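Here are my notes for you. Keep the model open beside them and find each residue as you read.

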Amino acid sequence: MSDHTSEAPRPADAPEPPGQAGTPERPALSKAPPPEPGDIVPEPPRVPLYAQQGGHQQPADPWRRGSPQASRLSTLRPAAPAAIGGATLCCVIVTAILSGLLLGDGLGLNALIVAVPATLGAFFAARTAGRRLRPWTAFWAVGGLALLAVPALRDAGWPVFLAIVSSLALGSLALHGSRSWLGVFLASLGLFSAIADGLAWGVRGVRARMTGSRGRLGAVLRSVAVAVVLLIVFGALFASADAAFADVLGSLMPDVSVSGSPWRFLLFLTGLVGALAAAYAAAAPVRWDGITVRRGAPRGRLEWALPLVVLNLLFAVFIAVQLTVLLGGYDKVMAETDLSYSAYARQGFWQLLWATLLTLLVIALALRWAPRGRGGDRTLVRTVLGVLCLLTLTVVASALRRMDLYVDAYGLTRLRISVAAVELWLGVVLVLIMAAGVFGARLLPRAVAASAAVGVLAFGLVSPDGLIAEQNVQRYRDDHSIDIDYLRGLSADAVPALDTLPEPLRSCALRDIERSLRSDDVPWYATSWGESRARDILRKRSPQDAARSCVSSSRTGVGDSDRDGDESDPYDPY
């Protein structure tokens, strides 16, 4: 009997016989023989999808609601930038130090001084991230810095405030670079969205640098400390040795007092956070153009055009009446309406200003639902809206004419010059819309934003308070009517014009301004050119002129007609 017994053939799909007890199963050293014809080949085991792709994707968790979706902001913002560079970090620190030292004394040339290192920090961060300088980016950046020339030139607070806000908006536009309507609006405010990310980015960068180069950072800190000590010691010695050098040093160095330390520390933090936010936005800008607003469903030609044609006819009738008035029919109109000269001019201006604003809203809504199905729809939209813009421009001219009449009769004030400037800018917007209908609307959002920035810059550079003083002084020369109580509340920008008034009106108009300039002892970097010029003019006045008392308007006979006989006039609350 043989030691080996023959085994019966086993089906291919039968399980393997278990091994002997205590004997581990060993893998086969050779491949299985190929199947014979007619054998049943087993199906290969089913491998999960993530195993077939190399094991990188894990099976879905049944407890999750679904695959994680990226937030809207993360889809608009690119990947996190690299660690903050040394040049950017130095610019941020310089901006923070200058903010704490210079901005606490007021606004003047110091606003531009602080903005320069912040701009350089953003430029270095953008260059490190691989961004290129584009024409519109350069325009927004240069425009933002140019707006900061207004605090350096003008003393009036209201145009300075407009210039500072507009400068921040243009700087944010330069960092994000949007081009759509919604993108331009959100990008002008987008700097605030980078505050938290910029602060965390700066902390990570400083921590990484301290971890990798403790010795070098310590050497830099020790060198700065030694330099500061040497400047303080030898500067104090030289100042005590020479009074002229002490005066020069005192005028150049900021006055850092203990009582103002919390305020300066807050300004330091503001400059630090603002510079970090600007640098982070330059390195990883949010693409606000990714947020789109769907256009409305197009309307039929008749449904869309009929209301606008009726509105155009109404505008045409109104303009025809206005042309009659402009040709010399004021007396007839006032006789029929029983309105005074001032009431006709004043009420008409406000209504026409609202008409201009509502027309812009009508144009925006009309473009949203404009017909765009056939070839002639584009021509229809251009014709109807073009006529409406042209007629609205005539309404703008009528409103400005009414304001001119009112100013000739009752003088120029801050509110009057402000609303007239807004009405003039709305006319510029209408011209830009008409140009977009001819040449295309791709640049229209940025062109409107640029026109607003140019308007704010021009408004600050022409010195509104100076124009107000000049116009009222000229009115006094023509008809001896002037409101001294209003003029004495103007800023130092009005001093050159008010100084030409005869006495005692000159002393009365300049008394409050002179008192405020004498009490304000601000350093050179917080003094505007208008304030410095006013000090030079007032310094040349003789003590006898300054000592003359102001007489009341009832004794001089001035100021009685400037309020139009209506004390409840809400037109100018200033």
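1. Start with a buried pair. Both Arg-535 and Glu-531 are buried. Keep in mind that this is a predicted model. The two side chains meet in a salt bridge, with 3.2 Å from N to O. Both residues sit in helix 23, which covers residues 529-539. They are four residues apart, or about one turn of that helix.

2. Now take the whole structure. How many salt bridges does the structure hold? The count is 13.

3. Several charged residues work as a group on the page, so look them up together. Asp-485, Arg-488, Arg-511, Asp-512 and Arg-515 are linked in a network of salt bridges. The next three points go through some of its members.

4. Begin with Asp-485 and Arg-488. They form a salt bridge, and their closest N and O atoms are 3.0 Å apart. Is Asp-485 buried or exposed? Asp-485 is exposed, because its relative accessible area is 54% and the cut-off for exposed is over 50%.

5. Arg-488 gets a different label. Its relative accessibility is 17%, so Arg-488 counts as buried. The limit that matters here is under 20%.

6. Arg-488 also forms a salt bridge with Asp-512. Here the closest N and O atoms are 3.8 Å apart. This pair links distant parts of the chain, 24 residues apart. Asp-512 lies in helix 22 (residues 505-519). Arg-488 lies in the loop between helix 20 (484-487) and helix 21 (495-498). Asp-512 has a relative accessible area of 26%, so it is partly exposed.

7. Turn to the surface. Which residues gather in a patch of positive charge? They are Arg-132, Arg-134, Arg-179, Arg-287 and Arg-442. One of them, Arg-134, is placed in the loop between helix 4 (109-128) and helix 5 (135-147).

8. There is a nonpolar surface patch too. Its area is about 650 Å². Val-226, Val-229, Leu-230, Val-233, Phe-234, Leu-237 and Phe-238 make it up.

9. Pick out Leu-230 from that nonpolar patch. Where is Leu-230 found? Leu-230 is in helix 10, which runs over residues 214-241. Leu-230 counts as partly exposed because its relative accessibility is 44%.

Terms used. Residues numbered from 1 in each chain as written. Predicted model: local features only at pLDDT ≥ 70, side-chain atom pairs only at ≥ 80, totals over all residues. Heavy atoms only, no water. Patch = residues over 30% accessible without salt bridge, like charges linked within 9 Å, V, L, I, M, F, W, Y side chains within 5 Å. Areas by Shrake-Rupley, 256 points an atom, 1.4 Å probe, with all protein chains shown as cover. Salt bridge = Lys/Arg side-chain N within 4 Å of Asp/Glu carboxyl O. Helix = DSSP H or I, 4+ residues; strand = E, 2+ residues; numbered from the N terminus. Buried < 20%, exposed > 50% of the residue type's maximum accessible area, 1.4 Å probe, protein only. Lys, Arg positive; Asp, Glu negative; His and termini not counted. Charge placed at Lys NZ, Arg CZ, Asp CG, Glu CD.
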